[in-house]
Amino acid sequence: MEMESAGHEKAGFCRRWWTCLKALPEKLTAKATEAASKIKKIGKDDPRRVIHSLKVGIALTLVSLFYYSRTLYKGFGDSTMWAVMTVVVVLEFSVGATLGKGLNRGFATLLAGALGVGAHHLASLSGGVGEPILLGFFVFLQDREILELAHKRMSTILLGGATCVIVAIVVFPVWAGEDLHNLVAFNLEKIGNYLEGFGGEYFGTSEDEDCKEDKSFLQGYISVLNSKGTEENLANFARWEPGHGRFRFRHPWKQYLKIGTLTRQCAYRIEALNGYLNSGIQAPTEIRRKIKDICTTMSLESGMALNELALSIRKMTRPSAADPHIEKSETAAKTLKTLLKSGIWEDTDFLEVIKVATVASLLIDITNCAQKIAESVHELASIIQFKSVDPTVSPEKSQSSKVKLGAKVDCPQVSITVREPSPSSKENGNSQALTPVPRVDVL
């Protein structure tokens, strides 16, 4: 019996192992497929991250040549490991972050080396009794090794940092300043799109309310609320970057932070406004109808102004196209204030009036925020000297309105026959009799 039970246990153990071995290829395939899908998703979301991984590989390959080249390895020895570690620590996603970390690590290494040499020199001056004590306290090596070690380690760290900076600038550079520039413009677009569509959603002025439309623009402001940390990091990294493209050295990045702060203040008010849009505390339609036109005008004009400001920042052109929208929104805000102070709320439930007045007050605050944002963008335009454009005619319209003489237009042949009343028909009073004239062919 014991022999049979032992045989059954052995058979069961082998069966389990065989099952695991059979399932192993399937599990490996599933994990490989999952990893490939994640890599594909990352590549679609931001292809620059895939390029960054290649840049890290290139930098590590270059500094690894110190190991595989006998001449270089003899010159630096085991200190070449510090070059590899420097690449791992210093090379970042953007050029500014790489420059900042590289310079900080280089200065820190120089300072540490200077402190080490100074401490060793101080210990050597203390005499035969005090030198061992000070050397033990500072935990440094002997006199013949410390200077050579400091030189090798400093050289390899500087070589590793220089490799990171060169790769970051030469191989598909990612500029933090450009990212900050686009982020500020994109956040303004999100706020503008929300305000343009708010009037139709809250007051029910949408033309196709029954059809299922994409209303993702109503949630775009959420990402703006948490953009402070990203903007500040990008601004800090951008200060380290040299002049590139449209951005010169010592670009006014602080002005971008000011615009971003005002945009978030506007987003905070939109978050409160959105609560009245999605909750069941809306006022009756009859009460909302009294301020529908003015509030819709305020929201629409403020949204159009913010979109024009975003376009101005993106293209670095004067934001003159946003000024008419700002003026219209301010006029509507003044009219709304006057209307709220008038006696239109007589014979109306006070609690219902509070709901409508709160929405109106938030829209007035948002209009004021849009005005401050416009002033900040104008200030940025004057500092950077944005390009001036004709506010009446856009480049697209001006190009499309030009008629090119001699241009060939492909169209089918058209025959036009024109008939005129004959003299005889006029004398006889018969206006229906028409005399054909030659046919005109248009090619």
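## Confidence of the model

Over residues 393–443, pLDDT (the predictor's confidence in each residue, from 0 to 100) stays under 50. For this stretch the model has 34 contacts (heavy atoms within 4.5 Å) beyond four places in sequence. A second stretch with pLDDT under 50 covers residues 207–212, with two such contacts.

This is a predicted model, in which local features need pLDDT of at least 70 and side-chain atom pairs count only at pLDDT 80 or more, while totals for chains, interfaces and linings use all residues. Residues are numbered from 1 along each chain as its sequence is written, and side-chain values use heavy atoms, with hydrogens and water left out. The mean pLDDT of the chain is 77, and 73% of its residues reach 70 or more. Among the elements of the chain, helix α10 (residues 228–238) has the highest mean pLDDT, 93, and helix α16 (residues 395–401) the lowest, 39. Helices are DSSP runs of H or I with at least four residues, numbered from the N terminus.

## Helix α14

Helix α14 (residues 323–341) has 19 residues and reaches 27 Å from its first C-alpha to its last, close to the 27 Å expected at 1.5 Å a residue. The expected span is 1.5 Å times one less than the number of residues.

In α14, the buried residues (under 20% relative accessible area, 1.4 Å probe, protein chains only) are H325, I326, S329, A332, A333, L336 and L339. They lie on the same side of α14 because they cover an arc of only 145 degrees around the axis. Their cover includes α13 (292–315) and α15 (350–384).

Terms used
Helix = DSSP H or I, 4+ residues; strand = E, 2+ residues; numbered from the N terminus. Buried < 20%, exposed > 50% of the residue type's maximum accessible area, 1.4 Å probe, protein only. Arc of directions from axis to C-beta.
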